[in-house]
Amino acid sequence: MADYYGTDTVVSELREDGLLIIRINRPDVANALNGVTSKAMENIMNNAETDPAVRAIIVTGTGKVFCAGEDLSELSEGGECQTVTEHGFGGLTARLCSKPVIAACNGSAAGGGMEIALSCDMVVASERAKFGCTEVGLGIIASTGGLVRLARDINRKDCMELLLTGKKIKADEAKALGLINYVVPAEEVMDKAIELAEECLKNAPLALKWTKYIVHAADQMSEEDAMRYSDAAYRFLEKTADGIEGPAAFVEKRTPNWQGK
């Protein structure tokens with residue numbers, strides 16, 4: 001694997017097959033993000049977004065915690081947050097990335113760490129991990145995606161219980177609510193995340209991109225408008241090089257050669 005705009009606090013490596021692995025590397029503070037680390041993640045994601053060599057992304061943490069949220073020791077004197085970039089906390093929570101993003105939660109995700117996990121397309125969690133939007137206990141709110149995504153992703157009563165109590169729930173409870181995809185032993189988290197990423201890598205980049213765009217837009221549209229959007233995207237995709245290559249490869253019983261165009 002080759003270094004991909006990595007730093008001391010964000011290890012970032014790109015595999016030859018296009019899988020980018022980003023690892024928050026501040027285990028001494030439970031991988032809490034300070035301003036420098038958040039900006040480093042923003043930079044990595046900005047480059048990954050426009051780089052055709054990057055096909056899928058995994059975000060994980062060093063050690064036994066995924067991310068404890070913001071490093072509160074680095075708030076400004078006036079209490080202002082130092083970690084929200086152009087694309088949100090850690091460059092992720094306000095970003096609709098065109099490529100599959102998987103959270104490999106090697107341990108607990110709290111506060112902003114929970115918001116990073118919620119912003120990813122899929123989540124694999126260690127059976128020892130806990131999840132929670134704990135901001136209300138600090139006099140603030142889960143403003144970088146936690147409130148909005150929880151309200152969208154789970155039923156109202158469960159959402160309110162999590163947000164108003166600020167409690168953490170175990171991985172199996174999070175799975176039952178539909179917040180994560182898989183709960184596995186700690187030593188299997190990365191293997192499962194890589195397995196999911198490799199399944200995505202088999203598919204056409206443009207098709208993945210437009211699938212994500214439509215899914216995110218659909219719950220903001222009427223069903224009729226969402227269907228029209230889907231049809232327009234299909235009519236575009238069927239004329240692309242990949243849209244022509246896919247059916248041809250299927251008929252010829254060979255692996256498609258995706259070009260991302």
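Asp231, Arg235, Glu238 and Lys239 are linked in a network of salt bridges. The model that shows this network is predicted. A search of the whole structure finds 16 salt bridges.

**Salt bridges in helix α8**

One link of the network joins arginine 235 to aspartate 231, with N and O 3.6 Å apart. These two residues sit 4 residues apart in helix α8, so about one helical turn separates them. Both ends have some access to the outside: arginine 235 is partly exposed at 41% relative accessible area, and aspartate 231 is partly exposed at 39%.

Helix α8 covers residues 223-237 and also holds arginine 228 and aspartate 225. Their salt bridge has its closest N and O atoms 2.7 Å apart. The spacing here is 3 residues, again about one helical turn. Aspartate 225 is partly exposed, with a relative accessible area of 39%.

**Other salt bridges**

Aspartate 153 pairs with arginine 152 in a salt bridge, with 3.0 Å between the closest N and O atoms. Aspartate 153 is partly exposed at 35%. Arginine 152 is partly exposed at 38%.

The table lists salt bridges by their N to O distance.

| Basic residue | Acidic residue | N to O distance |
|---|---|---|
| Lysine 212 | Aspartate 121 | 2.7 Å |
| Arginine 228 | Aspartate 225 | 2.7 Å |
| Arginine 152 | Aspartate 153 | 3.0 Å |
| Arginine 235 | Aspartate 231 | 3.6 Å |

**The two domains**

The domain assignment splits the chain into domain 1 (1-200) and domain 2 (203-250). Their centres, taken over C-alpha atoms, lie 27 Å apart. At the interface, 11 residues of domain 1 are in contact with 8 residues of domain 2. Together the domains bury about 880 Å², and carbon and sulfur atoms account for 53% of that area. Three residues stand out on the domain 1 side: Arg55, Leu96 and Ser98 supply 51% of the area that domain 1 buries against domain 2, more than any other three residues.

Polar links also cross the interface. Between the domains, 6 residue pairs are in polar contact. The side of domain 1 that touches domain 2 has 5 nonpolar, 1 polar and 5 charged residues. The interface holds 1 salt bridge.

**Threonine 144**

Threonine 144 lies in the loop between β11 (130-132) and α3 (146-153). Its relative accessible area is 16%, under the 20% cut-off, so threonine 144 counts as buried. Leaving out residues up to four places away in sequence, threonine 144 touches Val84, Phe89, Thr93, Glu115 and Arg149.

Terms used:
Residues numbered from 1 in each chain as written. Predicted model: local features only at pLDDT ≥ 70, side-chain atom pairs only at ≥ 80, totals over all residues. Heavy atoms only, no water. Domains from an automatic or database assignment. Contact = heavy atoms within 4.5 Å. Buried area = accessible area lost by both parts, 1.4 Å probe. Salt bridge = Lys/Arg side-chain N within 4 Å of Asp/Glu carboxyl O. Polar contact = N/O pair within 3.5 Å; in protein donor to acceptor, adjacent residues only side chain to side chain. Nonpolar A, V, L, I, M, F, W, Y, C, P; charged D, E, K, R; others polar. Buried < 20%, exposed > 50% of the residue type's maximum accessible area, 1.4 Å probe, protein only.
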